[in-house]
Number of protein chains: 2
Amino acid sequence: MRFTPEREIILDEVLKAKTHLEADSLFLTLYQRGIKVSRATVYRTLDLLIKCGLAEKNSFGQNHAHYESVFGTIHHDHLVCLSCEKVIEFIDEEIEELQDKICEKFGFKAVKHSHQIFGYCEKCQKSQN
Amino acid sequence: MRFTPEREIILDEVLKAKTHLEADSLFLTLYQRGIKVSRATVYRTLDLLIKCGLAEKNSFGQNHAHYESVFGTIHHDHLVCLSCEKVIEFIDEEIEELQDKICEKFGFKAVKHSHQIFGYCEKCQKSQN
DNA sequence: CTAATTGCAAATCATTTGCACCAAT
DNA sequence: ATTGGTGCAAATGATTTGCAATTAG
């Protein structure tokens with residue numbers, strides 16, 4: 001496994017991203033900064049980061065995926081605003097435990113989960129009045 | 001809103017489907033039965049059913065969507081087997097309540113949610129030994 | 001009648017892949 | 001040197017769309 005400049009750039013971006021990032025937007029950002037990394041490499045490297053356990057992929061029901069660094073974060077789930085697309089993270093230990101119980105009940109061995117609540121954030125609710 | 005034969009056929013299929021269905025597979029099934037409905041109409045009609053609140057769309061992180069009739073079912077979430085792709089439904093009132101609490105906490109107005117646990121079903125765990 | 005609906009084929013959009021060229025070990 | 005990595009452009013796969021032909025109300 002080689003540590004190429006392209007991989008370093010993409011890893012950096014993922015690590016420093018405060019919010020979820022999309023593969024294509026990442027490519028575009030780099031492109032606009034004059035950094036030459038191809039779309040293919042962006043996709044390939046993001047996949048790699050996931051395989052290495054450094055990032056996670058979410059789909060949020062949209063047609064494109066979101067990537068997020070796993071580094072320095074605890075597992076969390078998401079509230080997704082249908083109006084401004086803002087993503088709020090939440091953690092709930094009780095829900096995690098209930099999930100374990102459910103899996104037990106079905107003899108299911110959980111690997112990961114994906115839990116999103118879609119709706120309207122405080123700000124968008126107000127501005128809709 | 002017209003009630004065309006195409007719409008009747010697709011609605012029927014969705015209502016009688018015991019499991020989740022995929023748009024393309026539905027098209028293929030109909031095609032093999034000699035029923036002439038175009039792919040476009042399948043997609044258009046499924047969208048319509050969702051807009052009418054008769055069906056729901058799930059994405060499960062795969063590259064294609066799953067559709068499911070809402071009729072005669074209670075809200076439920078899913079366990080998705082990564083090996084055989086089987087989908088097990090589950091309902092947990094406690095989790096639903098905890099979700100409401102979380103939304104309250106963030107001033108978030110929930111519209112719907114999507115909650116999946118990915119892993120290995122009992123059968124696949126055994127066959128992997 | 002006539003506006004809504006369909007089928008077709010072409011268009012999109014996100015993502016993946018084949019392959020010749022290039023670079024890290 | 002060798003093998004893995006990159007860029008490009010073409011391929012893919014799911015879904016959407018433009019438009020002319022069709023049909024339900």
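**Protein surfaces around DNA strands C and D**

DNA strand C is surrounded by 20 residues, the closest being A:Tyr43, B:Arg2, B:Thr4, B:Arg7 and B:Thr41; a residue is near a strand if one of its heavy atoms lies within 4 Å of it. The model is predicted, with pLDDT of at least 70 needed for local features and 80 or more for side-chain atom pairs, while totals for chains, interfaces and linings use all residues. Residues are numbered from 1 along each chain as its sequence is written, chains are lettered from A and ligands numbered from 1 in the order in which they are written, and side-chain values use heavy atoms, leaving out hydrogens and water.

Of the strand C atoms within 4 Å of the protein, 64% belong to sugar or phosphate and the rest to bases. At least two residues of the surface near this strand are supplied by each of α3 of chain A, α1 (5-16) of chain B and α3 (39-51) of chain B. The largest share, five residues, comes from α3(A). Helices here are DSSP runs (H or I, at least four residues) and strands are E runs of at least two, numbered from the N terminus. Phosphate oxygens of DNA strand C lie 2.7 Å from a side-chain N or O atom of B:Arg7, 2.8 Å from one of B:Ser38 and 2.9 Å from a backbone N or O atom of A:Ala65.

DNA strand D is likewise surrounded by 20 residues, and A:Arg2, A:Arg7, A:Ser38, A:Thr41 and B:Tyr43 are the closest. Sugar and phosphate make up 65% of the strand D atoms that come within 4 Å of the protein. A phosphate oxygen of this strand lies 2.7 Å from a polar side-chain atom of A:Ser38, and one is 3.2 Å from a polar backbone atom of A:Lys36. The side chain of A:Arg44 places an N or O atom 2.8 Å from a base nitrogen of DNA strand D. Two or more residues of the surface near DNA strand D come from each of α1 and α3 of chain A and α3 of chain B; α3(B) gives the most, with five residues.

Within chain A, A:His20 is placed in the loop between α1 (5-16) and α2 (23-32). A:His20 counts as buried because its relative accessibility is 11%, where buried means under 20% relative accessible area, exposed over 50% and partly exposed in between (1.4 Å probe, protein chains only). The side chains of A:His20 and A:His78 are joined by a polar contact of 3.4 Å (a pair of N or O atoms within 3.5 Å; within protein, one must be able to donate a hydrogen and the other to accept it, and residues adjacent in sequence count only if both atoms are side-chain atoms).
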